[in-house]
Amino acid sequence: MDWGTELWDQFEVLERHTQWGLDLLDKYVKFVKERAEVEQAYAKQLRSLVKKYLPKRPTKDDPEVKFSQQQSFVQLLQEVNDFAGQRELVAESLGIRVCLELTKYSQEMKQERKMHFQEGRRAQQQLENGFKQLENSKRKFERDCREAEKAAHTAERLDQDINATKADVEKAKQQAHLRNHMAEESKNEYAAQLQRFNRDQAHFYFSQMPQIFDKLQDMDERRATRLGAGYGLLSEAELQVVPIIGKCLEGMKVAAESVDAKNDSQVLIELHKSGFARPGDLEFEDFSQVINRVPSDSSLGAPDGRPELRAASSRSRAKRWPFGKKNKTVATEDFSHLPPEQQRKRLQQQLEERNRELQKEEDQREALKKMKDVYEKTPQMGDPASLEPRIAETLGNIERLKLEVQKYEAWLAEAETRVLSNRGDSLSRHARPPDPPTTAPPDSSSSSTNSGSQDNKESSSEEPPSGEGQDTPIYTEFDEDFEEPASPIGQCVAIYHFEGSSEGTVSMSEGEDLSLMEEDKGDGWTRVRRKQGAEGYVPTSYLRVTLN
């Protein structure tokens, strides 16, 4: 079915429909253009976001880049940046393949449509002109027929009139004959004009306009087909970047899986390990020798504001230097301002750099020697003497680098010795178990009351611990026996052997499983029960506790 046959009388309908189709094409082009602008803006914002969060410092100067978390984050940002590039490609593809091409095609369609409708209007105008000519010839024929009839009546009336002269009668007959002749000519002209109009009208409705309508139909179908292809370009532009976007997303997944917490912990150790030995145990400073005891004084009490106490406290703080603020140090060539471990690493890096430079200079020296030998054998290639300054400069650099290598090797040996010494001191210092707390174990019979009352303080006495703190009694007085055994609140394992020689304590062997009866309340003692039933307090630092 075609428009020329089925829609032969719908010229205005076809004019509106074809205009609507072109408007729809322009509307889609405008939509794609705005869509491309959205993609461009999205890509621009993504790139700005990536630039905002990328590290500002160079990679070699940024210690954070050594952590897998930071490396994964940077890789994630790079993948997002690549993803933004793909969005830009989508916008570019839509702008060129859809906007530009369809805009050009729309202009061509508009010109073609205009041409077809102009042709149709010319055909309509020609048919209308033919119809007007037919009407004119028809009216002329009608008028001539009336005039001929009138002239015939006049001639017949004069012929019957006895008073009319012969001349008048002849004249009337001639006039009637002329009018009759003119009517015949008008008739023939009208018939010819009618025949010509019918032929033109048949050509108009059965040939000319159907051809124009068929051309319009073909144009509109081509436009619709091209518009459908334009719809497909929207998805095709996305499908073209899907593989790359998939790789970007896969890269993000790989970056997420590349985070290695254990390795980052090791990197932190490598970056900041000082190599210093751990501080030693603080000595017990007995202030009771300078205090005049009174009955109301506690065994460890001391008046505030005494110079001796402040001095001792200052000495105590000085020994805990790792926990205080570190003074600013001036950088030195041997990196002695750094902790031992960091000094060793920096010296190792400097030594490796010097060795690489030395190897490079030695290779250059060998190359210059070979070039000099070639010049000596083939003088036309060059003057051997021209290479002497470069050879001398290379030898000077080699000597300088050898001295620096020796210097850094000596410093590195000293740093490694220092690190090993600190490591050995630290291990030997902490080979024995920690000393038990110097405070008295809690009184089990007063667990529901205030064990720190002034009465208990006055009734307790304390002696300074000796070198064998866990083998000698720390306290000589304890309250009454424990209450009835309660249910354990957890389990614990003895990390070290403890000899419970003081009253209220209980002995335990290393690795022994114990029942936890009462948690440490801040005084350094924990109440436990042995499998044999014995119950008492042991140092909390000697246990590994698991609560129920």
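A nonpolar surface patch, as the term is used here, joins nonpolar side chains within 5 Å of one another, taken from residues that have over 30% relative accessible area and no salt bridge. In this predicted model, such a patch of about 340 Å² is made by Leu49, Tyr53, Phe73 and Leu76, and the elements that give two or more residues to the patch are helix H2 (11-53) and helix H3 (68-160). Leu76 has its place in helix H3 and is partly exposed, with a relative accessible area of 31%, so that it passes the cut-off of over 30% that patch residues must meet.

The chain as a whole comes to 9 helices and 5 strands, and from the N terminus on the elements run α-α-α-α-α-α-α-α-α-β-β-β-β-β. Of its 548 residues, 30% count as buried.

Aromatic side chains offer a way into the packing, for a search of the whole structure finds 13 aromatic pairs. In one of them, Tyr28 and Phe31, the ring centres are 6.3 Å apart and the planes lie at 35 degrees, so the pair is tilted. These two residues are 3 residues apart in helix H2 and are therefore separated by about one helical turn; Tyr28 counts as buried at 8% relative accessibility, whereas Phe31, at 43%, counts as partly exposed. Phe204 and Tyr205, by contrast, form an edge-to-face pair, with 4.8 Å from centre to centre and 85 degrees between the planes. Here Phe204 is buried, with a relative accessible area of 6%, while Tyr205 counts as partly exposed at 32%. Further along the chain, Tyr496, Phe498, Trp525 and Tyr542 form one aromatic cluster. A ring can also meet a charge, as where the charged end of Arg226 sits over the ring of Tyr105, 4.7 Å from its centre.

Salt bridges add another set of contacts, and the structure holds 27 of them. The side chains of Glu238 and Arg35 meet in one, at 2.5 Å from N to O, and this pair links distant parts of the chain, since Glu238 is in helix H4 (residues 166-257) and Arg35 in helix H2, 203 residues apart. Arg35 counts as partly exposed at 23% relative accessibility. Helix H4 is also reached from helix H3: the side chains of Arg97 and Glu236 meet in a salt bridge of 3.2 Å, N to O, with Arg97 in helix H3 and Glu236 in helix H4, 139 residues apart. Both partners count as partly exposed, Arg97 at 29% and Glu236 at 31%.

A further bridge joins Lys345 and Glu270 at 2.8 Å, N to O. Lys345 lies in helix H7 and Glu270 in helix H5 (residues 261-272), so the pair ties together parts that are 75 residues apart in sequence. Lys345 is buried, with a relative accessible area of 14%, whereas Glu270 counts as partly exposed at 38%. Elsewhere, Glu518, Lys521, Arg527, Arg529 and Glu535 are linked in a network of salt bridges.

Two remaining points concern cysteines and the backbone. A search of the whole structure finds 0 disulfides; among the cysteines, Cys145 counts as partly exposed at 31% relative accessibility, and Cys248 is buried at 3%. Most residues other than glycine have a negative phi. Phe335, however, has a positive phi of about 60 degrees although it is not a glycine. Phe335 is found in the loop between helix H6 (307-319) and helix H7 (340-377), where it counts as buried at 9% relative accessibility.

Methods. Residues are numbered from 1 along each chain as its sequence is written. This is a predicted model: local features need pLDDT of at least 70, side-chain atom pairs count only at pLDDT 80 or more; totals for chains, interfaces and linings use all residues. Side-chain values use heavy atoms; hydrogens and water are left out. Patches are made of residues with over 30% relative accessible area and no salt bridge: like charges are joined within 9 Å, nonpolar side chains (Val, Leu, Ile, Met, Phe, Trp, Tyr) within 5 Å. Accessible areas come from the Shrake-Rupley method with a 1.4 Å probe; for residues, only the protein chains shown count as cover. A salt bridge is a side-chain nitrogen of Lys or Arg within 4 Å of a carboxyl oxygen of Asp or Glu. Helices (H or I, at least four residues) and strands (E, at least two) are DSSP runs, numbered from the N terminus. Buried means under 20% relative accessible area, exposed over 50%, partly exposed in between (1.4 Å probe, protein chains only). Rings of Phe, Tyr and Trp (its six-membered ring) pair if their centres lie within 6.5 Å; planes under 30 degrees apart count as stacked, over 60 as edge-to-face and the rest as tilted. A charge sits over a ring if NZ of Lys or CZ of Arg is within 6 Å of the ring centre and within 35 degrees of the ring normal. A disulfide is a pair of cysteine sulfur atoms within 2.5 Å.
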